[in-house]
Amino acid sequence: MKQPKIKTKLPGPKASKLIDEDNAFMSPSYTRTYPLVVDKAKGVWVQDVDGNEFLDFTAGIAVCSTGHCHPRVVRTIKEQAENLLHMAGTDFYYVPQISLAKKLSSLFPDGTNHKVYFGCTGAEAVEAAFKLARQHTKRELNIAFFGSFHGRTMGALSLTASKTIQKKNYNPLVPGITHVPYGYCYRCPYDHSYPQCGAECAHWIEDTLFRTTMPPEEVAAIFVEPIQGEGGCVVPPPEFHRALSNIAKKYGILLVADEVQSGMGRTGKMFAMEHFGVVPDIVTLAKGIASGLPLGAMIARAEIMDWEAGSHSSTFGGNPVSCQAALTTIQLIEEELMANVNVQGQHLLNGLNALQGVYECMGDVRGKGLMVGVEFVKDRKTKERATEWRDEIIMKAFQKGLLLLGCGENSIRFSPPLTVTSDEVDVCVSILDEAIKEVAG
Ligand code: PMP
């Protein structure tokens, strides 16, 4: 079984020198959790500039869905790069953009015709959804959820409610957005327990908000992540999204599913909303869609995407190389990866659940497919957040050659490439076991 290989102290000599240079020349706004300076990567293995080899359970923040540098994706990119690098899909036509839009439209289970707007990032996809919702409904108000992350451009940031630092000094943001509690059963905002609660978290919008402060006929859209990613890998109760969808339909509000992190097979279905039996009006995608090339997509039913020529566009959106990489990515997901996600996701949950039986500090283990999180607590009864332990566990795992990232205030997320094998999941769980034992065992 292949294991990580750590040959130097971390960071090694080359990495240390490069980090000093980075500190001198790069924006200090980034949040580097540990000193990893990447040289190259293949599959789920990442090599740093000093020759150390790490097992990657981050996939570059849930982006390298087909594994680092999948040979078929690399081939497709090379072939496309020989033919056409850029021609501005906003002003001209070309085949990869049309083919990808057609393919994305076909992925919707309701069989209706969908149209696609392409950008380069998740924030751009959300920004486009935000603008389209206003254009289409001619309404000014919007609903989003506490704990949500939708991006960092001013519109997307206005919808985001993840960490105060992301908003500090940026006010005033776009007005008219009301944040409401998400369906977060482990820390139920209403102190109820499931299923007796009747998914009050969703019904509160209609029962309280619409009766007191927010006229529903003025609401353009509800923006929601099917599973909150940055917010802590939070899976809402099964009825949550159906209730939201019913409320949206009743008042002519658009339901926007931000699938930037949860989409493209990561949860074992092409879109995570499929787990909840809901077809949203608008879907935003990015991250895993093109295996690492920059691409964002906002997809809406054709009758909703009715904005006029000139109302929105972006020079690099729908870059032909990114579109071609996305077409191959989708092919791989459909042909083989989705089945693997379901098997390995369950295997990972089994491993983490077994560890939870040993370590008190693992308060909650949750997820779907390969979008999995563990919430660390000081005490299972009080659920006091163990943020420092979480941070130390991630650092220990790094020193042992396992790459992990945090999410929420006190959770670790597991989002490996969708190509991950059972052996690699076992290596991850066994390193995590050692790291937790050393920090909080
Ligand atoms: N939406 C969600 C659900 C996300 O997780 C993210 C990124 N973490 C974004 C939007 C923003 O994506 P990007 O960083 O590509 O702008």
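Among contacts in the chain between residues at least 6 apart in sequence, what share joins residues at least 24 apart? In this predicted model, the figure comes out at 74%. Overall dimensions fit that picture of a folded chain no less plainly: a compact globule of 441 residues would have a radius of gyration near 22 Å, and the chain has 22 Å, so the two agree. Laid along the principal axes, the C-alpha atoms take up a box of roughly 60 × 60 × 45 Å. As for burial, 50% of the 441 residues count as buried.

On to secondary structure, where the chain carries eleven helices and 15 strands. Four of the strands make up an open sheet in the order S1-S2-S3-S13, and the pairing is mixed. Strand S1 (38-42) and strand S13 (402-403) sit at the edges, each pairing on one side only. Strand S2 (residues 45-48) runs antiparallel to strand S3 (residues 53-56), with three bridges between them. One residue pair can be picked out here: tryptophan 45 has leucine 55, in S3, as its bridge partner. In general, strands of a sheet pair through backbone hydrogen bonds, in either a parallel or an antiparallel sense.

Then there is the ligand, with 14 residues around it. Those that come nearest are Thr121, Gly122, Ala123, Gly151 and Val260. Helix H5 (residues 122-137) gives the most to this shell, supplying three residues. Sorted by class, the shell around the ligand holds six polar residues, five nonpolar ones and three charged ones.

Methods: Residues are numbered from 1 along each chain as its sequence is written. This is a predicted model: local features need pLDDT of at least 70, side-chain atom pairs count only at pLDDT 80 or more; totals for chains, interfaces and linings use all residues. A residue is near a molecule or strand if its C-beta atom, placed from the backbone, lies within 6 Å of it. Helices (H or I, at least four residues) and strands (E, at least two) are DSSP runs, numbered from the N terminus. Ala, Val, Leu, Ile, Met, Phe, Trp, Tyr, Cys and Pro count as nonpolar, Asp, Glu, Lys and Arg as charged, and the others, Gly among them, as polar. Two strands pair if DSSP finds at least two bridges between them. The radius of gyration is taken over C-alpha atoms; the globule rule is 2.2 Å times the number of residues to the power 0.38. A residue is buried if 20 or more other C-beta atoms lie within 10 Å of its own, exposed if 12 or fewer, and partly exposed in between; C-beta atoms are placed from the backbone. Two residues are in contact if their C-beta atoms, placed from the backbone, lie within 7 Å.
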